[in-house]
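Student: I am new to this structure and would like a close look at a single part of it. Could you pick one residue, show me its surroundings, and then lead me outward to the rest?

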Amino acid sequence: MERTLIKDLKNYVGTEVLINGVVNVARHQGKMAFFDFRDRSSLIQGVVFGKPEVLEIAKDIGAEYSVAVKGIINQRPEKMINVNVLNGDIELEITSIEVLNASAPMPFDLDGELSLETVLDNRPLTLKMQRAQDIFKVSATIVQAYRDALIKRDFVEFQSPSLVGSDAEGGAEVFKVEYFNGRTANLATSPQLYKEIMTGAFERVFTIAKIFRAEKSATTRHLAEITQMDFEMGFIKDHNDVMNELEAVTREVVNSVVAKHSEVFSRFNTTAPALPEGPYPRLTLLETQTILKEEYGIDAIGELDMEPEHERKICEWAKAKHNSDFVFITEFPTDKRAFYSLEIPEKPELCRSFDLLFRGLEINSGAQRYHEYDSMVAKMKRRNLDPDKFGFYLMHHKYGVAPHGGCSTGLERFTSRMLELPNVKEAVPFPRDINRIDTLLSQLDE
């Protein structure tokens, strides 16, 4: 008999089926046994009665057992229908059970409240929790919707390298890796230089890449290994073209998540993100600081970047004034942005750059890049970078790359804000940070 997925069982009322699944709950009651089974598609209740040979097998089966179950799908009497559970109008009358693999007793209740440390320390088990499955299904939809939105806009996907010869941001917080011939390579901190190069050949490109940051930060916002969703586009007028594209893409991503996972928001005690009827609000950094002072009494005018509290407050303002959970912040100081961010000609102390904030957190950063060779070399020298070490990257400037720009969205941050998770680490199946690789680093020497 071929396996039937649980979600399709309503089509087989009155017939015998075979399901493969895992026992969610086992309840043994004398001459009867009740089970809740799950597979990748849904849940179903099964019951054993009037079959002593099946009950003999069933009495030893507990939670998390993998089983193959045959049974007849019955319609429940109207008074026994439970509209609040999946498949609450049908029941599986079990005719045989085969144990595919037994399970030791679980060390904790998968439906209980667990600390984040317990969740992460026991990740092989806690991935089975409804909360974790909701998070990572939402995350998967974000990736798929992002990819689909860009492909239909003529972007070409490419795979960016994780091993690089020099840090793409020109910084020092990198992971060193022993390479061939006595050389040292770095784990990439960004796909930036490579996606710029790709625009010279394909004009519009994107990549979903693992990047690595050796920042010794232990906050609710930081990870050492991150998934970045990057795109870059040629023949732009300025950074506004990039923001227009990003806004369209993020709208599609949000709408896809809401359409596919609407029930998840209520389970997480939050709502679907607010999308304004008009464009996302766009504020310069100075305008943002002025609003913070006038509306919230926060005097940050003249500061070179935004503090976490500033991000939260300006998002609060955007939601109240524009019904938008997204807000763009533009025109950051040139000296505080990456070396490839292009200055505003009439205001060279500022650059054509932006951040996209979502529900109080920066999830994306972008800019127009340098495209003219001599200007790029001069900027590198001003930043005390050696152009000779960037010869591979500068090739695309020297031989005629079009004006271009792009941006980078952190998948984990996007996911965490979509569901308003308190810690970005919860948005990663296997987070790496200053304290953890699977288990806490302090435990590895024990």
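Tutor: Happily! Let us start with M380, which is buried, with a relative accessible area of 0%. Please keep in mind that this is a predicted model. Since the cut-off for calling a residue buried is under 20% relative accessible area, M380 at 0% falls within that class.

Where does M380 sit? Look for helix α10, which runs over residues 373-382; M380 is part of that helix. Now turn to its neighbours. Leaving aside residues up to four places away in sequence, M380 touches F339, L385, P387, F390, Y393 and L394. For a sense of distance, find T290 as well: M380 and T290 are 90 residues apart in sequence, and their C-alpha atoms are 32 Å apart in space.

A102 and Y65 make another pair to look at. These two are 37 residues apart along the chain, and their C-alpha atoms are separated by 4.8 Å. A102 belongs to the loop between β5 (90-101) and α2 (116-121). With a relative accessible area of 45%, A102 is partly exposed.

Let us step back to the whole protein for a moment. Its secondary structure comes to 12 helices and 21 strands. The C-alpha atoms fill a box of roughly 85 × 60 × 45 Å along the principal axes. Of the 446 residues, 49% are buried, and M380 is one of the buried residues. Among contacts with a separation of 6 or more, 65% are between residues 24 or more positions apart.

Now for the outside. The protein exposes about 22,000 Å², and carbon and sulfur atoms supply 50% of that area. One place to find on the surface is a nonpolar patch of about 330 Å², made by L163, Y179 and F180. L163 lies in strand β7, residues 163-164. This residue is partly exposed, at a relative accessible area of 39%. A patch residue needs over 30% relative accessible area, so L163 passes that cut-off with its 39%.

Charges come next. There are 54 positive and 69 negative side chains in the protein, and the centres of the two sets lie 1 Å apart. Searching the whole structure gives 38 salt bridges. Here are three of them to look at.

Begin with D36 and R27, a salt bridge whose closest N and O atoms are 3.6 Å apart. D36 counts as partly exposed at 22% relative accessibility, and R27 is partly exposed too, with a relative accessible area of 28%.

Next, find R204 and E245, whose side chains meet in a salt bridge at 3.6 Å, N to O. R204 is in strand β10 (residues 204-212) while E245 is in helix α6 (residues 239-260), so this pair ties together parts that are 41 residues apart in sequence. E245 counts as buried, at 12% relative accessibility.

The third pair is E331 with K347, and here the closest N and O atoms are 2.9 Å apart. E331 lies in the loop between β13 (326-330) and β14 (343-344), and K347 lies in strand β15 (residues 347-351), so the pair ties together parts that are 16 residues apart in sequence. At 18% relative accessibility, E331 counts as buried, whereas K347, at 29%, counts as partly exposed. There is also a network to trace: salt bridges that share partners join K152, R153, R204, E245 and E252. R204 and E245 are the pair you have just met, with their 3.6 Å salt bridge.

Finally, have a look at the backbone. Most residues other than glycine have a negative phi. Against that background, E203 deserves a glance: E203 is not a glycine, yet its phi is positive, at about 70°. You will find E203 in the loop between α5 (192-202) and β10. E203 is partly exposed, with a relative accessible area of 35%. N269 also has a positive phi, near 55°, and is a residue other than glycine. Its place is in the loop between α7 (262-267) and β12 (282-284). At 73% relative accessibility, N269 counts as exposed.

To finish where we began, go back to helix α10 and find M380 again. M380 is buried at 0% relative accessible area, and F339 and L394 are among the residues that M380 touches.

Definitions and conventions:
Residues are numbered from 1 along each chain as its sequence is written. This is a predicted model: local features need pLDDT of at least 70, side-chain atom pairs count only at pLDDT 80 or more; totals for chains, interfaces and linings use all residues. Side-chain values use heavy atoms; hydrogens and water are left out. Helices (H or I, at least four residues) and strands (E, at least two) are DSSP runs, numbered from the N terminus. Buried means under 20% relative accessible area, exposed over 50%, partly exposed in between (1.4 Å probe, protein chains only). Contact means heavy atoms within 4.5 Å. Accessible areas come from the Shrake-Rupley method with a 1.4 Å probe; for residues, only the protein chains shown count as cover. Lys and Arg count as positive and Asp and Glu as negative; His and the chain ends are not counted. The place of a charge is taken as NZ of Lys, CZ of Arg, CG of Asp or CD of Glu. Patches are made of residues with over 30% relative accessible area and no salt bridge: like charges are joined within 9 Å, nonpolar side chains (Val, Leu, Ile, Met, Phe, Trp, Tyr) within 5 Å. A salt bridge is a side-chain nitrogen of Lys or Arg within 4 Å of a carboxyl oxygen of Asp or Glu.
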